[in-house]
Amino acid sequence: MLSKYRDRKLNSIRLEYPLLYFKKLIGLINKIISNGGFFAKVSVYRLFYKKIKTNSEISGQDLERIRYLSAVTPFWSIVTCVGVFSTILLLKNLYISTLFVIPIIIYVYPLLISELKRAEYLKGLESEMFPFSILLYLNSLLGKGIGTVLSDVKSSNLFNNLKREVELVERDSLINGKSLSMTIKSRSRLLARHILADMYMKVITSEFTGVSLKERTRDIVKELSTSLSELYKDYVERATEITEVIFALFLLFPLTALGFQFLGNGNNILILLLPLGLAPPIILWISIIQPNMGYRVKLKGWQWTALVCSTALLVIPISNLEYRVIGLVLVSQLILYPSYSEIKNSDKIFKDFLNILALVSDYTRLGRGIRQSLLNIDLDNFSGPTFKFLMKLKSLIRESKPLSMAETGNTFLNQLLGVLDILDRKGSDSLMVIHETMNIISELHDSRRRLSLQLRSFSVLALLTPLLLWFTTTSLSFISSTPAGWINNLNLTYSLVIAAVYSKIYKFTLINPPLYLTVVLLSLTLSMIPHPIL
């Protein structure tokens, strides 16, 4: 027993030492390169310094860390370039030349990370503007300024991204010795064209012009709902542009390449699968440009475990790969269905929340507090997930716990509950604040409904994709002896990838079991129709 333990220990040491030495070697090379010289002079940090510095100031990135990465990436880019060139000479295959994109990505990696973190930070701020505007209006009714609002943000668990913004404001004020007003002015210039920059300027200018902060913040609340509607309209136009890119990459390119391979009697899988590698960047691009719908999906531990275990279906001894992939998709979508159901339930609660606030408003007119008003709501007026949600709220109120503990799958709802907590604690004129909140939610709900109707056509496109691919590939098979099973696998793969991209566009989430199951069943049905040449 001891000898077995000793052997295992020795084997682990044998594995750890080479990895440790390799990491030390890489670290030593990076340290030598980063100290200066030619590579530092041609780094993206030197070439795009102003851009990277601005991104760092906006989102609070570590500028020294970006400088270090920029100093070492040119060297590793050249090493990778040599490796790709050697592979081309060794395999004598020009299709591998597409791998030259890897050295380019390595070289611009620090700039890409800087841009992505900036975009992520601004998008995170955008998702919290709605409750922040309500908080501004609430404090203006109490005669409080922007300083009190930022203190509320810092002490609340409601604002994750705005907390970071407050830290950046405080750091800038402390390091540069500026007043709060001057610091906020600087931040508004830095965050140009962002909703928060507009809010900053209107609040600060009201202090100098003498305009009532109460009136100014009410205007901010109204303009926010208008800007959200404009954001939705702009997204519809950009979604149409993305569709053109999807058509070119995932339909036109593979079908054209497939046609040439049929004519040339060749089957180069690499060139046909190449567009699939662009799916993650496209989904990331969609995530950046699309408006935040408030969906917050967290997979449970058992779901992650089940998803990992489900990949074992790919090694089942079945000759047809298509059936194994279909089995994997079916099982994975069943695993993800509870998360999809959570999204649907949160949408239902958000839709009914306007009625809940209307009832709370009626009770506050009678002089009751917000928490007492929620206790008095008749549960018979609601059903399904909204009924359970109200039951949870009432339970929290009886236990004297914050309303924000009744977390849902929608961050907008969670933020609204946090605002109600602050409103109840401050005890101001809650009726006016609730009235403005109801107006925003009403306009927001109408805008989201219109957006959903305008994007509905993308679900039709996702369902038409398997039919389009099947029709085109079977037509091309007239001039080729390519096996039907190979064509079916290609059709299924592209159909699922395109369905995922379209789901992200019109459902704002990749979790969409009904769509994937429909696409799989449709692809399976079409694959059973005999090809012209088998």
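**View 1. Two helices that help wall in the largest cavity.** In this predicted model, helix 7 (129-141) and helix 12 (213-264) each supply at least two residues of the lining of the largest cavity. Helix 12 has the largest share of that lining, with three residues. The space they help enclose has a volume of about 80 Å³. If you're counting cavities of 30 Å³ or more, the model has four.

**View 2. Who's who around the largest cavity.** Look for Glu126, Ser127, Met129, Phe130 and Ile195, which are among the lining residues of the largest cavity. Leu224, Leu228, Leu231, Asn292, Phe412 and Leu444 belong to the lining too. What mix of residue classes do you get in this lining? There are eight nonpolar, two polar and one charged residues. Domains come into the picture as well: domain 2 (127-224) and domain 3 (225-298 + 455-528) each give at least three residues to the lining.

**View 3. The second largest cavity and its helices.** Here we move to a space of about 60 Å³, the second largest cavity. Helix 21 (457-476), helix 22 (484-506) and helix 23 (513-527) are the elements that each give two or more residues to its lining. Which helix gives the most? That's helix 22, with four residues.

**View 4. A closer look at the second lining.** Glu322, Pro466 and Trp470 are part of the lining of the second largest cavity. So are Asn488, Asn491, Leu492 and Ser495, along with Ser523, Leu526 and Ser527. Sorted by class, this lining has four nonpolar, five polar and one charged residues.

**View 5. Lys507, sitting in a loop.** Find the loop between helix 22 and helix 23, and you'll find Lys507. Is Lys507 buried, exposed or partly exposed? It counts as partly exposed because its relative accessibility is 28%, which falls between the cut-offs of 20% for buried and 50% for exposed. Leaving out residues up to four places away in sequence, Lys507 touches Tyr295, Lys344, Tyr502 and Asn512. Leu455 is 52 residues away from Lys507 along the chain, yet their C-alpha atoms are separated by 8.6 Å.

**View 6. One stretch from the UniProt list.** The unreviewed UniProt entry lists several residue ranges under "transmembrane region", including 25-48, 68-88 and 94-113. Zoom in on residues 68-88: the chain there is 100% helix and 0% strand. From one end of this stretch to the other, the C-alpha atoms are 31 Å apart. Further along, the UniProt list also includes 458-479, 485-503 and 515-533.

Note on methods: Residues numbered from 1 in each chain as written. Predicted model: local features only at pLDDT ≥ 70, side-chain atom pairs only at ≥ 80, totals over all residues. Heavy atoms only, no water. 1 Å grid on protein atoms, 1.4 Å probe; cavity = no way out; pocket = protein on both sides within 12 Å on 5 of 7 lines; lining within 4 Å. Points joined across faces, edges and corners; volume = space filled by probe spheres on them. Nonpolar A, V, L, I, M, F, W, Y, C, P; charged D, E, K, R; others polar. Domains from an automatic or database assignment. UniProt positions renumbered as here; feature names shortened; annotations may be inferred. Buried < 20%, exposed > 50% of the residue type's maximum accessible area, 1.4 Å probe, protein only. Contact = heavy atoms within 4.5 Å.
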